[in-house]
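Work through the exercises below with the model open. Try each task before you read its solution.

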Amino acid sequence: MAQTWRASEKAERRQKYLSAAGHLFAERGYRAVSIEDLGSAVGVSGPALYRHFASKEAMLIELLVNASTQLLLGMERTLAEESSDIETLQNLIAFHVDFALAERDIIRIQDRELANLPAKPNHEVRQLQRRYIDGWSSVAARLRPDLGPANLEVRMHAVFGILNSTPFTSRLRDTASVRAILAETALVAALGSARELQLPGGQLIVNAPAEAG
């Protein structure tokens, strides 16, 4: 029991350090943050962090690999649900909106700092991202079979540009409104208008993600 408690406490402390690093990397930029800055942010000496992480770079790698892994796993769970294609796409959007609102720092770091990863973890993150995009594209392709792969890829990147805009939405404090706006614009970016999708009644129905927690 004591061993389990110590392991849990260590994992919680490690996650606390990662969260603090993520906030500083997002706020100041990875290169501007020192190991002493990281230690100060969590109330320990900088070198004490080396008991948990090999380096500042190791913290950045873990943040970005974990984020892409979490997104991929969430997508796979969503694709495994028994839903129509339009419902699946809406659920994917809802899932990503939840992530992007809860992890604004990670979204900013991913956008700015991926190039600072060494070649191997950089390749790993990009492979995870490619699988994520391909999963979304497979759903959109069934809804818009008239679109070619290149067209779909542009649309998917547009969708993620919209959903990953959350670091810039903090001025709008009504989270429900942010969710609704992101969900609606992402769905239209992915599929086009109701007329293009040829939905019955000519209406593109948007189910905004529910407020989390």
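Buried means under 20% relative accessible area, exposed means over 50%, and partly exposed lies in between. By that cut-off, buried residues make up 42% of the 213 residues in the protein chain. The model is predicted.

**Exercise 1. Describe the overall fold content and surface of the protein chain.**

Step 1. Count the elements. The protein chain has nine helices and zero strands.

Step 2. Write their order. From the N terminus on, it reads α-α-α-α-α-α-α-α-α.

Step 3. Check the contact range. Take contacts between residues at least 6 apart in sequence: 69% of them join residues at least 24 apart.

Step 4. Turn to the surface. The accessible surface comes to about 11700 Å². Carbon and sulfur atoms hold 52% of that area.

**Exercise 2. Classify tryptophan 136 as buried or exposed, and list its contacts.**

Step 1. Locate the residue. Tryptophan 136 sits in helix α6.

Step 2. Apply the cut-off. Its relative accessible area is 0%, so tryptophan 136 is buried.

Step 3. Collect the contacts, leaving aside neighbours within four places in sequence. Tryptophan 136 then touches Met75, Leu89, Leu92, Ile93, His96, Met156, Val159, Phe160 and Leu163.

Step 4. Compare sequence and space for one of these partners. Tryptophan 136 and leucine 92 are 44 residues apart in sequence. Their C-alpha atoms are 7.7 Å apart.

**Exercise 3. Assign an exposure class to arginine 144 and to serine 34.**

Step 1. Place arginine 144. It is in the loop between α6 (119-143) and α7 (149-163).

Step 2. Classify arginine 144. Its relative accessibility is 4%, under the 20% cut-off, so arginine 144 is buried.

Step 3. Look for a polar partner. The side chain of arginine 144 makes a polar contact with the side chain of aspartate 146, at 2.7 Å.

Step 4. Place serine 34. This residue lies in the loop between α1 (2-28) and α2 (35-42).

Step 5. Classify serine 34. Its relative accessible area is 24%, which falls between 20% and 50%, so serine 34 is partly exposed.

Step 6. Add a distance. Serine 34 and leucine 24 are 10 residues apart in sequence and 9.7 Å apart in space, C-alpha to C-alpha.

**Exercise 4. Characterise the largest pocket: volume, lining and residue classes.**

Step 1. Take the volume. The largest pocket holds about 490 Å³ of space.

Step 2. Find the lining. It has 20 residues, and Gln110, Asp111, Gln129, Phe160 and Asn164 are the closest to the pocket centre.

Step 3. Map the lining to elements. Two or more residues come from each of α3 (56-80), α5 (104-113), α6 and α7. The largest share, six residues, is from α6.

Step 4. Sort by class. The lining has eight nonpolar, seven polar and five charged residues.

**Exercise 5. Repeat the analysis for the second largest pocket.**

Step 1. Take the volume. The second largest pocket has about 250 Å³.

Step 2. Find the lining. Of its 15 residues, Gln15, Ser19, Leu63, Glu103 and Ile106 lie nearest the centre.

Step 3. Map the lining to elements. Two or more residues come from each of α1, α3, α4 (85-102) and α5. The most, five residues, come from α3.

Step 4. Sort by class. Six lining residues are nonpolar, five are polar and four are charged.

Terms used:
Residues numbered from 1 in each chain as written. Predicted model: local features only at pLDDT ≥ 70, side-chain atom pairs only at ≥ 80, totals over all residues. Heavy atoms only, no water. Helix = DSSP H or I, 4+ residues; strand = E, 2+ residues; numbered from the N terminus. Buried < 20%, exposed > 50% of the residue type's maximum accessible area, 1.4 Å probe, protein only. Polar contact = N/O pair within 3.5 Å; in protein donor to acceptor, adjacent residues only side chain to side chain. 1 Å grid on protein atoms, 1.4 Å probe; cavity = no way out; pocket = protein on both sides within 12 Å on 5 of 7 lines; lining within 4 Å. Points joined across faces, edges and corners; volume = space filled by probe spheres on them. Nonpolar A, V, L, I, M, F, W, Y, C, P; charged D, E, K, R; others polar. Contact = heavy atoms within 4.5 Å. Areas by Shrake-Rupley, 256 points an atom, 1.4 Å probe, with all protein chains shown as cover.
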